[in-house]
Amino acid sequence: MAGDRLHLGRSFFFIAGTVGLMRLPDRLSRLHALTKADNVGLGLLVLGLLLEGPGLLNGIKLVLIWLFVLAASATGAHLIAKRALRGDGEDDR
């Protein structure tokens, strides 16, 4: 029951991130929408799977995957934003 609600919340955040990617006006706003909403959605997915999944080892693996994705997402967003702020992107041609 709680896992189903978490999966429903996950779907909401993934859809919100996708809508933000499509609708927000500039590169940094779209980047913000993608990183925030997708990371929250992934967190809800992991929490839902923790409630449904068997065993502590599987739970630890899920949390580690979530943490690695958080680190990769933050790093990628930082690099994209840094390049966008420098103004040397391919859009400037």
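Here are three short exercises on a predicted model, each with a worked solution.

**Exercise 1: confidence**

Find the helix of the chain where confidence is lowest and the one where it is highest.

*Solution.* Start with the whole chain: its pLDDT averages 85, and 94% of the residues score at least 70. Then go helix by helix. H1 sits at the bottom with a mean of 84, while H3 comes out on top at 90.

**Exercise 2: the two sides of H1**

Work out how the buried residues of H1 are arranged around its axis.

*Solution.* First, get the geometry. H1 runs over residues 2-23, which makes 22 residues, and spans 31 Å from first C-alpha to last, close to the 32 Å expected at 1.5 Å a residue.

Next, pick out the buried residues: Gly3, His7, Gly9, Gly17 and Gly20. Looking down the axis of H1, you'll find these within an arc of 160°, so they line one face of the helix. A handy reminder here: an α-helix has 3.6 residues a turn, so residues three or four places apart point the same way.

Now ask what that buried set packs against: helix H2 (27-52). Finally, flip to the face turned away from the buried side, and you meet the exposed residues Arg5, Leu8, Phe12, Ile15, Met22 and Arg23.

**Exercise 3: placing Ser73**

Decide whether Ser73 is buried or exposed, and list what it touches.

*Solution.* Locate it first: Ser73 belongs to helix H3, residues 56-86. Its relative accessible area is 18%. The cut-off for buried is under 20%, so Ser73 counts as buried. For contacts, skip residues up to four places away in sequence; that leaves Thr35 and Asn39 touching Ser73.

Notes: Residues are numbered from 1 along each chain as its sequence is written. This is a predicted model: local features need pLDDT of at least 70, side-chain atom pairs count only at pLDDT 80 or more; totals for chains, interfaces and linings use all residues. Side-chain values use heavy atoms; hydrogens and water are left out. Helices (H or I, at least four residues) and strands (E, at least two) are DSSP runs, numbered from the N terminus. Buried means under 20% relative accessible area, exposed over 50%, partly exposed in between (1.4 Å probe, protein chains only). Contact means heavy atoms within 4.5 Å. The expected span of a helix is 1.5 Å times one less than its number of residues. The arc is that of the directions from the helix axis to the C-beta atoms. pLDDT is the predictor's confidence in each residue, from 0 to 100.
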